[in-house]
Amino acid sequence: MIAFVWRKGMWFQLRKILLCVLGLYVTIPFLIKLCPGIQAKLIFLNFVRVPYFIDLKKPQDQGLNHTCNYYLQPEEDVTIGVWHTVPTVWWKTAQGKDQMWYEDALASSYPIILYLHGNAGTRGGDHRVELYKVLSSLGYHVVTFDYRGWGDSIGTPSERGMTYDALHVFDWIKARSGDNSIYIWGHSLGTGVATNLVRRLCERETPPDALILESPFTNIREEAKSHPFSVIYRYFPGFDWFFLDPITSSGIKFANDENVKHISCSLLILHAEDDPVVPFQLGRKLYNIAAPSRSFRDFKVQFIPFHSDLGYRHKYIYKSPELPRILREFLGKSEPELQH
């Protein structure tokens with residue numbers, strides 16, 4: 001009798017929990033539909049600041065002892081934090097130098113990579129810092145920044161605002177770098193900013209020397225539909241109406257597939273087959289759209305896959321020992337002799 005009462009009580013509690021979970025499951029789509037700003041926050045994830053407790057004013061705390069922190073102002077009431085890492089060959093020379101020295105260094109003979117990071121975290125994210133170190137060791141200046149609303153940058157995130165921030169930093173670099181080559185490197189969500197930027201630069205006839213897209217998608221709707229977070233709702237009745245239409249109504253498109261048709265510079269796409277965030281097939285699909293485009297008829301378009309056995313997933317391509325060779329062959333640049 002006691003066992004029966006206990007089982008009945010447990011069943012009642014279990015049913016109560018299941019009803020609560022089901023209620024939450026059904027409520028979330030309606031909540032997102034009624035408040036599209038929620039979906040925008042989930043795309044940007046700018047409120048997720050990892051690693052925590054780092055001082056972005058001190059890149060040397062992250063092992064970047066040849067990096068200077070700047071602050072630029074793309075628009076009134078918008079301030080963005082910028083890191084500029086000089087090539088490793090200048091590691092000793094850079095010690096104790098001020099911002100003016102770093103700005104003047106952009107006019108040196110070393111090429112420049114403007115790096116546009118993805119969602120969540122800051123310019124001080126661990127995998128991002130490791131990539132800066134790799135690129136710096138290969139003889140590149142690396143300039144990166146946090147979009148408005150990320151890290152210690154001030155402003156409200158939006159696709160337009162992120163693109164304008166990138167344009168402002170590009171123009172700031174261009175004004176100081178003379179005839180040096182400038183390459184745009186976008187990762188994940190940053191590929192959307194990168195193609196927006198480069199399309200605009202091509203339209204005004206000031207294209208970069210090359211565009212590098214790491215783990216790119218075709219457009220934000222297809223990425224949202226393919227994202228692992230969407231798995232539990234993918235077959236929910238009205239999925240597009242509940243989850244994808246609010247993204248569009250928020251003015252968020254990041255239409256890489258459309259942008260590449262208007263880009264006139266060399267394009268390199270890097271994608272790991274085991275990427276769990278941006279599916280490999282989206283990167284391949286973007287390449288298949290770009291390769292035959294008339295805008296690329298005079299430029300190189302290359303797709304480099306990384307086998308799933310390598311375990312590079314979404315953000316560890318920087319670990320590839322082949323990356324220096326890939327960049328050297330694609331960009332046509334010889335690796336400098338490293339000095340310490």
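**Entry 1. A term and a first residue**

I call a residue buried when its relative accessible area is under 20%. I looked up Ala224 in this predicted model and read a relative accessibility of 18%, so Ala224 counts as buried. I located Ala224 in helix 7. Setting aside neighbours within four places in sequence, I found Ala224 in contact with Ser230, Leu244 and Ile247. I also looked up the distance from Ala224 to Asp240, a residue 16 positions away along the chain; their C-alpha atoms are separated by 10.0 Å.

**Entry 2. The chain as a whole**

I next turned to the overall fold. I recorded 11 helices and eight strands in the protein chain. The radius of gyration is 22 Å, close to the 20 Å that the globule rule gives for 340 residues, so I noted the chain as being as compact as a globular protein of that length. The C-alpha trace spans about 85 × 45 × 45 Å along its principal axes. Of the 340 residues, 51% are buried. I then looked at contacts with a separation of 6 or more, and noted that 75% of them are made by residues 24 or more positions apart.

**Entry 3. Helix 1**

I looked up Lys16 and placed it in helix 1, which covers residues 2-34. Lys16 counts as partly exposed, at 48% relative accessibility. I compared its position with that of Cys265, which is 249 residues away along the chain, and found 59 Å between the two C-alpha atoms.

**Entry 4. Helix 8**

Which residues of helix 8 are buried? In this helix, residues 239-249, I listed Phe239, Phe242, Phe243, Leu244, Pro246 and Ile247. Seen down the helix axis, these buried residues fall within an arc of 150 degrees, so they line one face of helix 8. I recalled that two of the names, Leu244 and Ile247, had appeared as contacts of Ala224. After helix 8 comes Gly251, for which I noted a positive phi, near 80 degrees.

**Entry 5. Helix 10**

I repeated the search for helix 10 and found Phe280, Leu282, Gly283, Leu286 and Ala290 buried. They cover an arc of only 170 degrees around the axis, which puts them on the same side of helix 10. What do these buried residues pack against? I recorded strand 6 (210-214), helix 7 (220-226), helix 9 (256-259), strand 7 and strand 8 (301-306).

**Entry 6. Salt bridges**

I counted 14 salt bridges in the structure and examined several of them.

Glu222 forms a salt bridge with Lys285, with 2.9 Å between the closest N and O atoms. This pair links distant parts of the chain, since Glu222 is in helix 7 and Lys285 in helix 10, 63 residues apart. I noted Glu222 as partly exposed, at 26% relative accessibility, and Lys285 as partly exposed, at 36%.

Arg160 forms a salt bridge with Glu75, and here the closest N and O atoms are 3.3 Å apart. This pair too links distant parts of the chain: Arg160 lies in helix 5 (residues 159-174) and Glu75 in strand 1 (residues 67-75), with their positions 85 residues apart. Glu75 is partly exposed, with a relative accessible area of 24%.

Glu322 is bridged to Arg325, with the closest N and O atoms 2.7 Å apart. Glu322 counts as partly exposed at 38% relative accessibility, and Arg325 is partly exposed with a relative accessible area of 32%. I finally noted a network in which salt bridges that share partners join Glu75, Arg148, Arg160 and Asp165.

**Entry 7. A buried charge**

I closed with Asp274, in the loop between strand 7 (266-272) and helix 10 (280-290). Is Asp274 buried or exposed? I found Asp274 buried, yet without a salt bridge. The nearest side chain of opposite charge is that of Arg313, 5.0 Å away. A salt bridge requires the side-chain nitrogen to be within 4 Å of the carboxyl oxygen, so the pair does not qualify. I did find, however, that the backbone nitrogen of Arg313 lies 3.1 Å from a polar atom of the Asp274 side chain. Not counting residues up to four places away in sequence, Asp274 touches Ser308, Gly311, Tyr312 and Arg313.

Note on methods: Residues are numbered from 1 along each chain as its sequence is written. This is a predicted model: local features need pLDDT of at least 70, side-chain atom pairs count only at pLDDT 80 or more; totals for chains, interfaces and linings use all residues. Side-chain values use heavy atoms; hydrogens and water are left out. Helices (H or I, at least four residues) and strands (E, at least two) are DSSP runs, numbered from the N terminus. Buried means under 20% relative accessible area, exposed over 50%, partly exposed in between (1.4 Å probe, protein chains only). Lys and Arg count as positive and Asp and Glu as negative; His and the chain ends are not counted. A polar contact is a pair of N or O atoms within 3.5 Å; within protein, one must be able to donate a hydrogen and the other to accept it, and residues adjacent in sequence count only if both atoms are side-chain atoms. Contact means heavy atoms within 4.5 Å. The arc is that of the directions from the helix axis to the C-beta atoms. The radius of gyration is taken over C-alpha atoms; the globule rule is 2.2 Å times the number of residues to the power 0.38.
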